[in-house]
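Biologist: I would like to go through this model with you, one question at a time. Please keep the answers short.

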Amino acid sequence: MTDGRIPRIVVEAARRQAAAEVARRFQLTLVLAGLIGVVTGVGVAGFDVVVGHSLRWVQHQPVWLLAIVPSVALVVVAVIAMIDDGDTATTDAYVRTYHERGGRLPVGRLWAKLTAAAVSLGSGAALGFEGPSLLLGATIGSFVEDRSARRLRRDDAKVLMVAGAAAGVAAVFKAPLTGVVFALEVPYRSDVARRAMLPTLVAAGASYVTYVALVGTEPLLSSGGSAPFDLRDLGGGLVVGIVCGILARLGAWSIGHAKRLPLRRSVRVLAAAAIFAGLAPLTAWWFDSPLHLGPGYLAIDWAVAPQRTVAALVGLFVVRAFATWVSVGAGGVGGLFIPLVAQGAIVGAICQHLLNAPNARLFPVVGIAAFLGAGYRTPLAGVAFVAEATGQPGFLVPALLAAAVAQLAMGPRSFSPYQHREREPDIEPLTRLPVADIMSPRPDTVDGSLSLDATVELMLRQNRRWAPVLMDGAYFGLIAVTDIADVDRDEWATTTAADVARTDIPPAAPDDPVSLVAARLRSSDDEAVAVTDDGVVIGVVTLRDLGNLEVLLDKIVDGTTLR
């Protein structure tokens, strides 16, 4: 070791030891995910049985009682919220916590929300059971991680929370694949959660088996009809997808406003109570059933019956949308998954009548996938739900097409304001790397005496957004194409690169750790920093370099950064 390097045999031993430790921790994660699934399955089954019985009792009461019970329940939920901290989010709480650094879902907050959810859903609020079920599983996952933090990798915190969320959805819908896909998709609008696939599969499978062992295996929705379809059906499915995407976009906008109503909670609750009191006799007269109450299963069954008219279906869509909006605005606790499913089924039924399609149940099923996929930006979850909940996997092709076009019509909106568009680079595992290992070496530099005309021509020719500026051969500062664009075009000929260069960005040394450089970039509005060695520019590091996780993780795994 006269040259000061670590012998290769030591490096190999360190790599084998690190690999064995990673494997052990991953196996522990899978075991814990299975336990989380079992506990979640039991909890969801208990919640579903108790609250479901209450809801069915309410739905079979006379109109005068249907007008009173939801109103009283809203007051009770408001009191619970005031005793707690007023936060009634369920699915949004999971998405929000997923994106918080070190975020946790505390068990102490769970009981108040579950109680409020039981009161809301058991009395007929137009919300879904999946919200509290997902929150229950995610909280259990977060709790288990807290108790096992020393035995797990730091990154397993969110993995177990995601696994718990998948377990909750898998149980309540008797749909393990839907639970996995929804929990992975919902944190982002155009991406999925990472590192959580196997743990979520284990948790969702364990939760599903536990739940159906206690409750039964009957499909959640009865699709009826037949799966075969033709080109006319595919074309109609695209129409359904576009309509669902547009309506889901309007729904996301209106639900967002319902969550931010500039009114005191007491005023919102009283207004909602009066509205529910009015909806009870209206729905009894119009639909001969309290279809404004509950998650929407009764509304789906009613909508797909062949004798319905288009006018009645449009009225049902409006009533259901309004009831859900009022439930959210009044602080009701529950999910939006099944309400979106119900709206999609109603839209599909309307299109079924307008297009006179021969396959009686195809378009309602397609509408479910499109509306749900667009609303939460989870197209795969919508399609998986259709296959699992209806028992008709043959509907997958038109459902996929409809979900795809619904995403386009949905635009950037979502029913969850806490979703991120894509994963942000996670640079924490890379903090031990020296910045020289990730920089772009031998950067094209710009002489500070060049005019901006010449500078921008040079940078565009080199396809560079950033370039180090040199004065007398020494590093002077950094210049970006956007800096040049901020200068009036008439002044480019008389302004030099040195006049515009950012001199307040200190260069990094080649052995500076990535964590230091990343912290510097995060704390400023800059997207690049030069790397110098004895005053000579040897590279440039950008946020894109820091986000290139695959290359950097390969460096760690291969041991090339061991010194």
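Biologist: At about what angle to β4 does helix α17 run?
Modeller: Bear in mind that this is a predicted model. Helix α17 covers residues 452–461. It lies across β2, β3 and β4. Its direction relative to β4 is about 80°.

Biologist: In what order do the strands of that open sheet stand?
Modeller: The sheet has three strands, and their pairing is mixed. β2 and β3 pair in the parallel sense, while β3 and β4 run antiparallel. The order is β2-β3-β4.

Biologist: Which strands stand at the edges of this sheet?
Modeller: An edge strand here has a single partner, so one side of it is left without a neighbour in the sheet. That applies to residues 446–447 and to residues 474–480. The edge strands are β2 and β4.

Biologist: How is β3 placed, largely enclosed or not enclosed?
Modeller: β3 spans residues 466–471. Five of its six residues are buried. Buried means under 20% relative accessible area. So the rest of the structure leaves β3 largely enclosed.

Biologist: Which residue of β3 stands opposite Asp447?
Modeller: β2 and β3 are joined over two bridges. Asp447 has its opposite number in β3, and that residue is Leu470.

Biologist: What is the hand of the crossover from β2 to β3, right or left?
Modeller: The chain leaves β2, passes through α17 and arrives at β3. This is a β-α-β crossover. Its hand is right.

Biologist: Which residue in β4 stands opposite Ala467?
Modeller: Six bridges join β3 to β4. Across from Ala467, the residue in β4 is Ile479.

Biologist: Which residue takes a positive phi in the hairpin of β3 and β4?
Modeller: Two residues lie between the strands of this hairpin. One residue there has phi near 55°. That residue is Asp472.

Biologist: With which side chain does the side chain of Asp483 make a polar contact?
Modeller: Asp483 is found in helix α18, residues 481–485. It is buried, at a relative accessible area of 10%. Leaving aside residues up to four places away in sequence, Asp483 touches Val500 and Arg502. The polar contact, at 2.8 Å, is with the side chain of Arg502.

Biologist: What is the strand order in the open sheet with antiparallel pairing?
Modeller: This sheet has three strands. Its edge strands, each pairing on one side only, are β1 (440–441) and β5 (528–533). β5 pairs with β6 (residues 536–542) over six bridges. The order is β1-β6-β5.

Biologist: Which residue in β6 is the bridge partner of Thr532?
Modeller: β5 and β6 pair in the antiparallel sense. The bridge partner of Thr532 in β6 is Val537.

Biologist: How many residues has the largest nonpolar core?
Modeller: In soluble globular proteins, nonpolar side chains tend to be buried together. Tyr94, Val341, Phe385 and Phe415 have the most contacts inside this core. Tyr94 touches residues including Leu134, Met161 and Pro187. The number of residues in the largest core is 127.

Biologist: How many residues has the other core, which lies apart from it?
Modeller: Among its members are Trp466, Ala480, Leu521 and Val531. The number of residues in this core is 21.

Biologist: What share of the residues of the protein count as buried?
Modeller: The protein has 22 helices and six strands. The share is taken over its 563 residues. It comes to 53%.

Note on methods:
Residues numbered from 1 in each chain as written. Predicted model: local features only at pLDDT ≥ 70, side-chain atom pairs only at ≥ 80, totals over all residues. Heavy atoms only, no water. Core = buried A, V, L, I, M, F, W, Y, C linked by side-chain atoms within 4.5 Å. Buried < 20%, exposed > 50% of the residue type's maximum accessible area, 1.4 Å probe, protein only. Contact = heavy atoms within 4.5 Å. Pairing = 2+ DSSP bridges. Helix = DSSP H or I, 4+ residues; strand = E, 2+ residues; numbered from the N terminus. Axes fitted to C-alpha atoms, helices over the stretch in contact; angles between N-to-C directions. Right-handed = clockwise from strand over helix to strand, strands pointing away. Polar contact = N/O pair within 3.5 Å; in protein donor to acceptor, adjacent residues only side chain to side chain.
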